[in-house]
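Me: I would like a close look at one part of this model, the charged side chains that pair with one another, together with their surroundings. Please take the pairs in turn and be careful about the criteria.

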Amino acid sequence: NETSLAHNTLLALTKSTAFSKEEGRIELLISATAVIRPVPPDLVSFWDRYSQPEDGFTPLTIMALIENETESALRLFERKMTDPEHEQDDKAVWLRSDVMTHRHLPEMIRSCHRLLQTPLHEELRSELIDVLFDYKPAIWFTPAVNYNPPPWGSYSPTARTLTHELSEYLLQTFTLPEAQIQAIKNTLDNLGRITTNN
């Protein structure tokens, strides 16, 4: 239900101490608020409250932030990515699942571009580049858990332009291993074919 009445009800529940006494209700509320756009500051505060290190809610909140697809939500995601209190391994999981499956969305590409301009840990920077331009299921996933990247055809013209701009930034700014350079070139080739076909 994406009516204003439903959104206002959800926002009211984010401030209810009685409602938040049960962890299961908090989890449902985190997921439900992912559809609220535009994002008011109080909702950002709610998401921030439930994305603290080792709180048990963070993976679900990160998923909601990325599904929300707004700059406000993704700015908070960027803060969590650069917060040293969150474990590197946890951040890698966020990248391989939530970011990778949304890497075709313009706001996600913009968010990743901003992240790559921060003093992100070198291993995470490399992981993020792989997530945006490559796909390594044998390394990233177990047989029981698997995520697939969006098809090339799901990239809008804006997303293709932003991906091209990000590619140029990476190639000009960093000394990348040959495998990543090739993955970036392959991505641009695939997106270029879409442009040609269209």
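To begin: is Lys15 buried or exposed?

Reply: Lys15 is exposed, because its relative accessible area is 56%, where exposed means over 50%, buried under 20% and partly exposed in between, for a 1.4 Å probe and protein chains only. The model is a predicted one, in which local features need pLDDT of at least 70 and side-chain atom pairs count only at pLDDT 80 or more, while totals for chains, interfaces and linings use all residues. Residues are numbered from 1 along each chain as its sequence is written, and side-chain values use heavy atoms, with hydrogens and water left out.

Side chains of opposite charge can pair when their charged atoms come close. Lys15 forms such a salt bridge with Asp42, and the closest N and O atoms of the two are 3.0 Å apart. This pair links distant parts of the chain, since Lys15 sits in the loop between helix H1 (4-14) and H2 whereas Asp42 belongs to helix H3, 27 residues away. With a relative accessibility of 43%, Asp42 counts as partly exposed. A salt bridge here is a side-chain nitrogen of Lys or Arg within 4 Å of a carboxyl oxygen of Asp or Glu, and by this rule the count comes to eight. Helices are DSSP runs (H or I, at least four residues; strands are E, at least two), numbered from the N terminus.

Helix H3 also takes part in another pair, in which Arg79 forms a salt bridge with Asp48 and the closest N and O atoms are 3.3 Å apart. Because Arg79 lies in helix H5 and Asp48 in helix H3, this pair ties together parts that are 31 residues apart in sequence. Arg79 is partly exposed, as its relative accessible area is 46%. The pair belongs to a network of salt bridges that links Asp48, Arg79 and Lys80.

Helix H5 contributes again through Glu78, whose side chain meets that of Arg114 in a salt bridge with an N to O distance of 2.7 Å. Here Glu78 in helix H5 and Arg114 in helix H7 are 36 residues apart, so that distant parts of the chain are linked once more. Both Glu78 and Arg114 are buried, whereas Arg79 is partly exposed.

The surroundings of these helices include H4 (residues 58-68), whose buried residues are Thr58, Thr61, Ile62, Ala64, Leu65, Ile66 and Asn68. These buried residues pack against helix H2 (23-32), helix H3 (41-49), helix H5 (71-81), helix H6 (88-99) and helix H7 (106-116), with contact taken as heavy atoms within 4.5 Å.

The loops beside these helices hold some backbone features that deserve attention. Most residues other than glycine have a negative phi, and most peptide bonds are trans. Glu54, in the loop between H3 and H4, nevertheless has a positive phi near 60 degrees, and Glu54 counts as exposed because its relative accessibility is 64%. Glu69 follows H4 and is found in the loop between H4 and H5; Glu69 has a positive phi of about 70 degrees although it is not a glycine, and it is partly exposed at 35%. In the loop between H2 and H3 there is Pro38, which is joined to Arg37 by a cis peptide bond with omega of about -5 degrees.
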